[in-house]
Amino acid sequence: MTPKIKQFSRSRRNLLQFGAGAIGTGILTAGIGSQFDVLAQAAEDNNMSPDQALKMLMDGNKRFTTNKPQNVNRSLDRLRAVAKTQKPFAAILGCADSRVPAEIVFDRGFGDLFICRIAGNVATNEEIGSLEFGTLVLGAKVIMVLGHERCGAVEATIKGAQVPGQIASLLDAIKPAIPRSASQPGDKLVNAIKANVLVQSEKLKASPVMSQLIKEGKLKIVGGYYDLATGIVTMVS
C-alpha cells in the first residue's frame, strides 16, 4: 500500500470515528455522535455500484418527464424511517434556481439524495467539503453536477456583468468555463453552461477524498443538463 493510500485510509477511519470521539471532547451535542456512527456504518454497508446509482437517478427522471412519477419515498413512513439515519445513493451539485428541485426532477424522496445547491452549481470549498462528507461518510455512489437551461449566473458571467456584494465570487468561479466554450458551434449560452458543468466536475475530481473513491470504484462523478421546459436531464461529457 502506497503512503498516499495509507494516509487516505487513516483519514477515512478517523472521519468515521469522529462522531464517537467528538462526544467525549464536547465538540458535538448529546445524541449527535451516536447518529454519526450509524451513518458511517450505513455507508460501509452500501454495496450499490456507481453505475446502478446513476441508473436509478436517470430512471427517476424518465418517470418524471413521461408523467409517470411514483413519488418514491415521499410517505410519512419513509420520513420516519430515515429520521435517525440516512444513506443517500446519489448526490447532486445543482443550481439554486427555484425551477430545478432535484427530488422532483428525479422522482425521489426523503433520504435518497444528498443535495448541495448554489447559484451556477459551482464547486466552492464548502460545496466540495459537503460532497466529500456525502460520499465518504454517507456513501453516495454518484455525484451529478447539474447545470440547467438559461442559467442566469452563467449568462451574467458571459456578459461580464458588474454585480454587487459577494455575487461576483460566483461569477469568478464560472469564468474558467467561458473560453472553453467560445469556439464551439451552436448556442453560446448552452455551450457555456455545459462547459461550466465540466469545469465544476473537474474540481470535484481533484479532491483527494473523492479521487480515491473513484479509483476504488466506489464513486462516479458525472455532468447533467436540465431542460427547463421539458424537465429532461441529458448527460454532459
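## A walk from helix 3 outwards

Start by selecting helix 3, then colour whatever covers its buried residues: that cover includes strand 1 (90–94), helix 5 (102–105), strand 2 (113–117), strand 3 (142–148), strand 4 (220–226) and strand 5 (233–236). Here, helices (H or I, at least four residues) and strands (E, at least two) are DSSP runs numbered from the N terminus, and contact means heavy atoms within 4.5 Å.

Before going on, note that this is a predicted model: local features need pLDDT of at least 70 and side-chain atom pairs count only at pLDDT 80 or more, while totals for chains, interfaces and linings use all residues. Residues are numbered from 1 along each chain as its sequence is written, and side-chain values use heavy atoms, with hydrogens and water left out.

**Stop 1: helix 3.** Put a distance between the end C-alpha atoms of residues 50–65 and you should get 23 Å; the 16 residues at 1.5 Å each should span 22 Å, so the two agree. (The expected span is 1.5 Å times one less than the number of residues.) Now show side chains for Pro-50, Ala-53, Leu-54, Leu-57, Gly-60, Asn-61 and Arg-63, the buried residues of this helix. Buried means under 20% relative accessible area, exposed over 50%, and partly exposed in between (1.4 Å probe, protein chains only). Just past the helix, click on Asn-67, which takes a positive phi of about 60 degrees.

**Stop 2: a network of charges.** Keep Arg-63 on screen and add Arg-74 and Asp-107: salt bridges link the three in a network. A salt bridge here is a side-chain nitrogen of Lys or Arg within 4 Å of a carboxyl oxygen of Asp or Glu. Between Asp-107 and Arg-74 the closest N and O atoms are 3.9 Å apart. This pair links distant parts of the chain, 33 residues apart: Asp-107 is in the loop between helix 5 and strand 2, Arg-74 in the loop between helix 3 and helix 4. Is Asp-107 buried or exposed? Asp-107 is buried, at 0% relative accessible area, whereas Arg-74 is partly exposed at 34%.

**Stop 3: helix 4.** Select Arg-80 and Asp-77, both in helix 4 and three residues apart, about one turn. They form a salt bridge with closest N and O atoms 3.4 Å apart. Arg-80 is exposed at 56%, and Asp-77 counts as exposed at 58%. Leu-79 lies in this helix too (residues 76–81), and is partly exposed at 36%. Add Leu-76 and Phe-110 to see the nonpolar surface patch of about 270 Å² that they make with Leu-79.

**Stop 4: the cores.** Which residues touch the most other members of the 35-residue largest nonpolar core? Pick Leu-93, Leu-131, Ile-143, Val-154, Leu-204 and Met-210. The largest share of this core, five residues, comes from helix 10 (residues 188–205). A nonpolar core is a set of buried Ala, Val, Leu, Ile, Met, Phe, Trp, Tyr and Cys residues joined through side-chain atoms within 4.5 Å. Centre on Ile-143: leaving out residues up to four places away in sequence, its contacts include Ala-91, Leu-131, Leu-204 and Val-222. A second, separate core of 18 residues includes Ala-53, Leu-57, Ala-102 and Val-233.

**Last stop: Ser-207.** Find Ser-207 in the loop between helix 10 and helix 11 (208–215). Ser-207 counts as buried at 3% relative accessibility, and beyond its neighbours within four places in sequence, Ser-207 is in contact with Ile-128 and Glu-132.

Technical notes: Patches are made of residues with over 30% relative accessible area and no salt bridge: like charges are joined within 9 Å, nonpolar side chains (Val, Leu, Ile, Met, Phe, Trp, Tyr) within 5 Å. Accessible areas come from the Shrake-Rupley method with a 1.4 Å probe; for residues, only the protein chains shown count as cover.
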